[in-house]
Structures are given as C-alpha cells and as structure tokens.
Amino acid sequence: MANAMTKGGGYLSAAAARRDDEGSLTQVAVPEFAEDGQPPVIVYGRKPTPADRATIERLSLDLETGKINQAEAAVRTVIQLACDESGARLFTVENAQFMRTKIDADVIEALAFRLNAGLSLSAAKKN
C-alpha cells in the first residue's frame, strides 16, 4: 500500500479502506448454471483490481495478432474473478477448455461482463 507520507498516498489508503469496508465481493445470479426449475445459482466475484485486469489481458493476448482475444478474455475473467461467498475461486485453468467448448459463449460473456463491472454488494442493493 502507498506510504501515507507520499503525495497521493492518503488518497490511495482511503480508497483501499473503502474497498475493505464495502466488501470486495460482487454477487451475480446465473440462471444458466441452475438445474431446470431451480432458482439461479449465485456466483460471487472479486471486484477486479488493475492487477486482475492486467493478468486477464496478458493471458488473453493473441500472439499472432498482438490483440486481445475477447472470447478468451471472457473465459479468463470468469476464472480469475468468480468465487464462492468466502472468496475461494470457483474455477481453475483446468475448466477453461470446458468453458470454451461446452458452454454457450453468451453465458460466459454475460457473466464476465457482470463480474468485470465489479459493483459491490452494497452498491448493487442501492441500484
């Protein structure tokens, strides 16, 4: 964390404290993960940090074109950010191929979008 004595350090400390106070988890209802006739599965997500986004972009880079592969970025976002209510990751890299080949792209992309938005539970309840 930034030294409070450095220029801007106090602002960074305040932002980090607010993140801790508001909670760093989001909550997303995913009906596609539920069995037929059951309520949507609740997937929690860690609010993304710049480090999370950098990791996702690095792992989604198409080396031939030098551009981000958006479908891969969605898969990597779900792996990086989706978790249970305790903050433990739900998916691992071993799940990536299954997501790429067995799950509808719109399901993964919609979940990734909502996880990437990173609204805290308290902010989501206000909206």
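Buried means under 20% relative accessible area and exposed over 50%, with partly exposed in between (1.4 Å probe, protein chains only). Helices (H or I, at least four residues) and strands (E, at least two) are DSSP runs, numbered from the N terminus. The model is predicted: local features need pLDDT of at least 70, side-chain atom pairs count only at pLDDT 80 or more, and totals for chains, interfaces and linings use all residues. Residues are numbered from 1 along each chain as its sequence is written, and side-chain values use heavy atoms, with hydrogens and water left out.

**Exercise 1.** Compare the expected span of helix H5 (residues 105-117) with the distance between its end C-alpha atoms.

Solution.
- The expected span is 1.5 Å times one less than the number of residues.
- For the 13 residues of H5 this gives 18 Å.
- The end C-alpha atoms of H5 are 18 Å apart, so the two values agree.

**Exercise 2.** Which residues of H5 are buried, and which are exposed on the other side?

Solution.
- Val107, Ile108, Leu111, Ala112 and Leu115 are the buried residues of H5.
- They cover an arc (directions from the helix axis to the C-beta atoms) of only 125 degrees, and therefore lie on the same side of H5.
- Asp106, Phe113 and Ala117 are exposed on the other side of H5.

**Exercise 3.** State what covers the buried residues of H5, and what follows the helix.

Solution.
- The cover includes strands S1 (25-30), S2 (41-46) and S5 (82-83).
- Helices H3 (70-81) and H4 (96-102) are also among the covering elements.
- Gly118 follows H5, with a positive phi near 65 degrees.

Definitions and conventions
Contact = heavy atoms within 4.5 Å.
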